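This report describes the fold in front of you, moving from the strands to the interior and then to selected residues. Please keep the sequence and the structure in view while reading.

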Amino acid sequence: MKIRILSIACVTAAAALLAACTAVYKNSDACEQMMRSQLAQKSTDSPTDTLKIAHTGAGIDGSRVVVEGSIAHVVTAAAPASGAQAAASAASAVPTSAVSASGAVAASGASAAAVAAAAFAASGAAALPLKSAKPQIVNIPAAAECTFHGPTLSAFNWLAPEKYVTPAEGASE
């Protein structure tokens with residue numbers, strides 16, 4: 001009889017310890033998934049942002065979970081100014097009296113290059129960019145905190161990046 005009670009107590013204790021350990025992992029996974037879904041909602045301007053998880057830390061019994069990682073944000077480089085834009089800016093330096101409707105130089109002494117640039121801009125022709133814009137990936141540090149009451153998520157807060165952090169109630173700027 002004593003052996004039976006002892007073995008039941010050991011099995012019960014092992015089951016309780018195992019359940020406590022798996023709760024931590026379940027809550028960590030739930031916080032990661034919540035962070036991914038919140039990122040998808042917040043980054044509507046760039047849907048190609050991806051979250052890479054670097055570290056997950058859980059408090060006692062998984063009641064508080066902090067997930068750290070980075071957001072891979074794709075940034076396209078700005079295209080260089082086209083020839084028409086450059087010519088238009090050069091033509092703005094030429095006095096209006098220097099160029100007639102036919103593009104001929106008046107007696108004001110404007111340079112031929114400035115007049116040619118003005119004529120090029122007026123024709124609407126555009127030069128091809130010298131190099132195609134290649135997207136670059138920028139890693140932005142990210143962190144979020146989840147608070148659980150048992151297996152139920154009770155609060156989710158962004159810790160980083162700053163644009164996702166909501167100010168605390170009662171905090172003054």
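## Pairing of strands 2 and 3

The model is predicted, and its description can begin with strand 2 (residues 64–76) and strand 3 (residues 135–149), which run antiparallel and are joined by 13 bridges. Within this pairing, glutamate 68 has alanine 143 of strand 3 as its bridge partner.

Serine 70 also lies in strand 2, and its relative accessibility of 18% places it among the buried residues, because buried means under 20%. Beyond its neighbours within four places in sequence, serine 70 is in contact with Thr50, Leu51 and Lys52, and also with Asn139, Ile140, Pro141 and Ala142.

## The sheet as a whole

These two strands belong to an open sheet of 4 strands, arranged in the order 1-2-3-4 with antiparallel pairing. Strand 1 (50–58) and strand 4 (152–160) are the edge strands, each of them pairing on one side only. On average, and with direction ignored, neighbouring strands of the sheet are turned by 25° against each other. In a regular strand, the side chains alternate between the two faces of the sheet.

Strand 3 is joined to strand 4 by 7 bridges, and the two run antiparallel. Histidine 149 has threonine 152 in strand 4 as its bridge partner. The two strands form a hairpin with 2 residues between them, and in the turn glycine 150 has a positive phi of about 75°.

## A disulfide between helix 1 and strand 3

A search of the whole structure finds 1 disulfide. A disulfide is a covalent bond between the sulfur atoms of two cysteines. Here the partners are cysteine 31 and cysteine 146, whose sulfur atoms are 2.0 Å apart, and the torsion about their S-S bond is about 80°, so the disulfide is right-handed.

Because cysteine 31 lies in helix 1 and cysteine 146 in strand 3, the pair ties together parts that are 115 residues apart in sequence. Cysteine 31 counts as buried at 0% relative accessibility, and cysteine 146 likewise counts as buried at 0%.

## The nonpolar core

In soluble globular proteins, nonpolar side chains tend to be buried together. In this model the largest nonpolar core has 14 residues, and those with the most contacts inside it are Met35 and Trp158. The elements that give two or more residues to the core are helix 1 (2–42), strand 2, strand 3 and strand 4, and strand 3 gives the most, with 4 residues.

What is methionine 35 in contact with, leaving aside its neighbours within four places in sequence? The list holds Leu51, Ile53 and Val67, then Ala142, Ala143 and Ala144, and finally Phe156 and Trp158.

## Aromatic cluster

A search of the whole structure finds 2 aromatic pairs. In one of them, the rings of phenylalanine 156 and tryptophan 158 have their centres 5.7 Å apart and their planes at 85°, so the pair is edge-to-face. In the other, the rings of tryptophan 158 and tyrosine 164 have their centres 5.1 Å apart with planes at 50°, so this pair is tilted. Ring pairs thus link Phe156, Trp158 and Tyr164 into a cluster.

Are the members of this cluster, such as phenylalanine 156, buried or exposed? Phenylalanine 156 is buried, with a relative accessible area of 16%, while tryptophan 158 counts as buried at 6% relative accessibility. Tyrosine 164, also at 6%, counts as buried as well.

## An exposed position in helix 1

Alanine 40 lies in helix 1, and with a relative accessible area of 54% this residue is exposed, whereas cysteine 31 of helix 1 counts as buried. The C-alpha atoms of alanine 40 and leucine 51 are separated by 9.6 Å, the two residues being 11 residues apart along the chain. Leucine 51 has already appeared among the contacts of methionine 35 and among those of serine 70.

Definitions and conventions
Residues numbered from 1 in each chain as written. Predicted model: local features only at pLDDT ≥ 70, side-chain atom pairs only at ≥ 80, totals over all residues. Heavy atoms only, no water. Pairing = 2+ DSSP bridges. Axes fitted to C-alpha atoms, helices over the stretch in contact; angles between N-to-C directions. Phe/Tyr/Trp six-rings, centres within 6.5 Å; stacked < 30°, edge-to-face > 60°. Buried < 20%, exposed > 50% of the residue type's maximum accessible area, 1.4 Å probe, protein only. Core = buried A, V, L, I, M, F, W, Y, C linked by side-chain atoms within 4.5 Å. Contact = heavy atoms within 4.5 Å. Disulfide = S-S within 2.5 Å.
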